[in-house]
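Biologist: I would like to learn how to read ligand surroundings, cavities, ring pairs and unusual backbone geometry in a model such as this. Could we take them in turn?

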Amino acid sequence: MTTTTRRTAVAVIGAGPAGLLLGHLLRAEGVDCVVIERQSADYVLSRIRAGVLEQGTVGLMERLGLDARLKAEGLPHGGFNLADGERLIRIDVAALTGQCVTVYGQTELTRDLMDAAAPRGLEVIYEAGEVALHDIDSDAPFVTYARDGLAQRIDARIIVGCDGFHGPSRQAIPASVGRAFERVYPFGWLGILADVAPCNHELIYANHERGFALASMRSATRSRYYVDVPLTERIEDWSDDRIWDELAVRLGPEAAARMTRGPAIEKSIAPLRSFVFEPMRHGSLLLCGDSAHIVPPTGAKGLNLAASDVHYAAEALTAFFRHNDADAIAGYSARALARVWKSERFSWSLTKLMHRFPDDGPFERRMQVAELDYIASSEAAQRAIAENYVGLPV
Ligand code: RFL
Ligand code: PHB
C-alpha cells in the first residue's frame with residue numbers, strides 16, 4: 001500500500017477540548033499544525049462531560065476571540081454550596097476571590113472551537129484510524145494513520161498528545177522513563193441530563209448518608225445531576241424515576257421540592273480516578289490534558305486542567321518555533337505538573353470530604369463532619385476552597 005506523506009511543525013493527536021484549543025493557539029501564533037482525531041466530529045460532540053469553566057479557561061477563549069457565545073449563553077456563578085444533612089454551606093467564591101466560574105458545557109466549548117477551525121485555517125482530520133507515533137526520541141518524529149483505506153504519514157518536529165486517558169500518546173513513552181501515580185475510587189458518578197429548570201441557581205454538592213449527589217446545570221432550562229453508585233451498578237438498572245427518587249432523597253427536602261423531573265436526554269456512569277503520569281514530555285512528545293492526568297470530577301477541574309496544560313504548551317512551542325528556545329520545551333513538564341498536582345490534591349480532598357467510602361467507619365465520618373464544621377465557621381477555610389474552585393493561577 002502506498003503511503004501519502006506530508007509535513008507540519010506540530011502534529012496534535014486528539015480533537016477534544018485540549019487538542020482543539022492548542023490547535024487554535026498555535027495557529028494564532030503562526031505555528032503550522034495539524035490535529036488528528038480518531039472519531040467523527042459528531043461523536044466528539046455527543047460526549048456529555050464538563051460543565052464548569054475557570055476564569056483562565058474563559059480567558060483562553062477570549063484571547064482567541066471565540067468567546068462571543070460563551071459570554072452570551074454561559075452562566076457566571078459567584079458561589080456554590082456544600083450540603084451535609086440539613087446543613088448548607090455556601091462558598092461565596094466572588095466575595096472571597098473577586099472572580100467567578102462560568103457554567104458552559106464542554107460540548108458547547110468544543111463546538112465553538114470546531115466551528116472556528118475551518119474559517120481560521122486550522123486543519124482537523126477526523127475519523128483517522130490506527131493512529132501511531134514514531135521516533136519520538138528523535139528530532140524527526142512522525143505520526144501514521146489510516147483514512148478512507150489509505151495509509152497516511154505526517155512528519156513533524158513536535159508531537160503533542162491530546163488524546164485522552166486511553167489514547168496512544170502516553171503509551172508511546174518507554175516504561176523505563178515514565179511513572180504513573182493512581183488512585184481508583186470504589187464508586188462512579190451516574191449522571192442524568194434533562195431539559196428541566198435547575199432546582200437551584202448555584203451548584204449543590206451533597207454528602208448524604210445514602211451517598212453523594214450533585215445538582216448542576218447547563219442553562220436555565222437544562223439540568224445536570226449526579227449520584228455516586230457502586231462500580232457494580234449497570235445503567236440499564238436505573239430508570240429515570242429511580243434516579244430522580246434517589247436525587248430527591250440525597251439533595252434533601254428543600255432542593256427536592258424545587259426539583260423538576262423530566263425524561264433523560266443522556267445518562268451514563270463514569271468511574272472516578274485520580275491519575276498522574278510523569279513526565280509530561282519525553283523527547284519530541286508533549287502530553288496535555290487527560291492523556292497525562294485524570295481527576296475525579298468533584299471540583300470540576302479536568303477540562304480546566306487540560307486548558308492550563310495547553311496554555312503552557314502553546315507558550316513553549318511558540319518560543320521554540322519563533323526563537324529556537326529549546327529550554328521552553330524542556331521546561332514544559334515541570335511547569336505543567338506543578339499546577340496538575342495542586343488540582344489533583346483539591347479534587348481528591350473534595351472527593352474524600354463529600355463521598356461515603358465503603359471502607360470508612362464512624363471515625364472517618366466524624367472527620368468529615370469536623371472538617372465541614374470548620375469550613376462552615378472559618379473564612380480562611382472557605383477562601384482556600386474558593387481559590388481552588390475558581391482556579392489557581394497559571
Ligand atoms: P478528551 O476530551 O478525552 O479528548 C481526547 C480526544 O482524543 C481522541 N482520541 C484519539 N485521537 C486520535 N487517535 C487516537 N488513537 C485517539 N484516542 C483518543 C478522543 O476521541 C478525544 O476526542 O481529553 P482532553 O481534550 O484532554 O479533555 C479533557 C476533558 O474532556 C476532561 O478532563 C473533562 O471532561 C473532565 N470533566 C470535567 N472537567 C471540568 O473541568 N469540569 C467539569 O465540570 C467536569 N465534569 C468531567 C466532568 C468528566 C466526566 N466524565 C464523563 C469523565 C464530568 C464527567 C461525568
Ligand atoms: C457538571 O455540570 O457536569 C459538573 C459540575 C461540577 C462538577 C462536575 C460536573 O464538579
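Biologist: Which backbone and side-chain atoms make polar contacts with ligand 1, and what counts as such a contact?

Modeller: A polar contact is a pair of N or O atoms within 3.5 Å; within protein, one must be able to donate a hydrogen and the other to accept it, and residues adjacent in sequence count only if both atoms are side-chain atoms. Here a polar backbone atom of Pro17 lies 3.4 Å from an oxygen atom of ligand 1, a polar side-chain atom of Gln106 is 2.7 Å from an oxygen atom of that ligand, and a polar backbone atom of Asn304 is 3.1 Å from an oxygen atom of ligand 1. On its own ligand 1 exposes 1,000 Å², of which the protein buries 88%; such areas come from the Shrake-Rupley method with a 1.4 Å probe, and for residues only the protein chains shown count as cover.

Biologist: What should I keep in mind about the model and its numbering?

Modeller: This is a predicted model, in which local features need pLDDT of at least 70 and side-chain atom pairs count only at pLDDT 80 or more, while totals for chains, interfaces and linings use all residues. Residues are numbered from 1 along each chain as its sequence is written, chains are lettered from A and ligands numbered from 1 in the order in which they are written, and side-chain values use heavy atoms, with hydrogens and water left out.

Biologist: Which elements give two or more residues to the shell around ligand 1?

Modeller: A residue is near a molecule or strand if one of its heavy atoms lies within 4 Å of it, and helices (H or I, at least four residues) and strands (E, at least two) are DSSP runs numbered from the N terminus. Ligand 1 is surrounded by 31 residues, the closest being Glu37, Arg47, Gln106, Asp290 and Leu303. The elements that give two or more are helix H1 (17–28) and helix H10 (302–323), and H10 gives the most, with 3 residues.

Biologist: How does ligand 2 sit among its residues, and how much of its accessible area does the protein cover?

Modeller: There are 14 residues around ligand 2, and Tyr205, Ser216, Arg218, Tyr226 and Pro297 come nearest. Its oxygen atoms have backbone partners: an N or O atom of Arg49 at 3.4 Å, a polar atom of Pro297 at 2.7 Å and an N or O atom of Gly299 at 3.3 Å. The protein covers 97% of the 280 Å² of accessible area that ligand 2 has on its own. Strand E16 (211–219) and strand E17 (222–230) each give two or more residues to this shell, with E16 giving the most, 3 residues.

Biologist: How many aromatic pairs are there, and how is one of them read?

Modeller: Rings of Phe, Tyr and Trp (its six-membered ring) pair if their centres lie within 6.5 Å; planes under 30 degrees apart count as stacked, over 60 as edge-to-face and the rest as tilted. The whole structure holds 13 aromatic pairs. The ring centres of Phe80 and Tyr205 are 5.7 Å apart and their planes stand at 75°, so this pair is edge-to-face. Phe80 lies in strand E6 (residues 80–84) and Tyr205 in strand E15 (residues 204–208), so the pair ties together parts 125 residues apart in sequence.

Biologist: Where is the cis peptide bond, and which residue other than glycine has a positive phi?

Modeller: The peptide bond from Glu278 to Pro279 is cis, with omega near -5°, and Pro279 is placed in the loop between strand E18 (264–278) and strand E19 (281–282). Asp135 has a positive phi, near 55°, and is found in the loop between strand E10 (129–134) and strand E11 (142–147).
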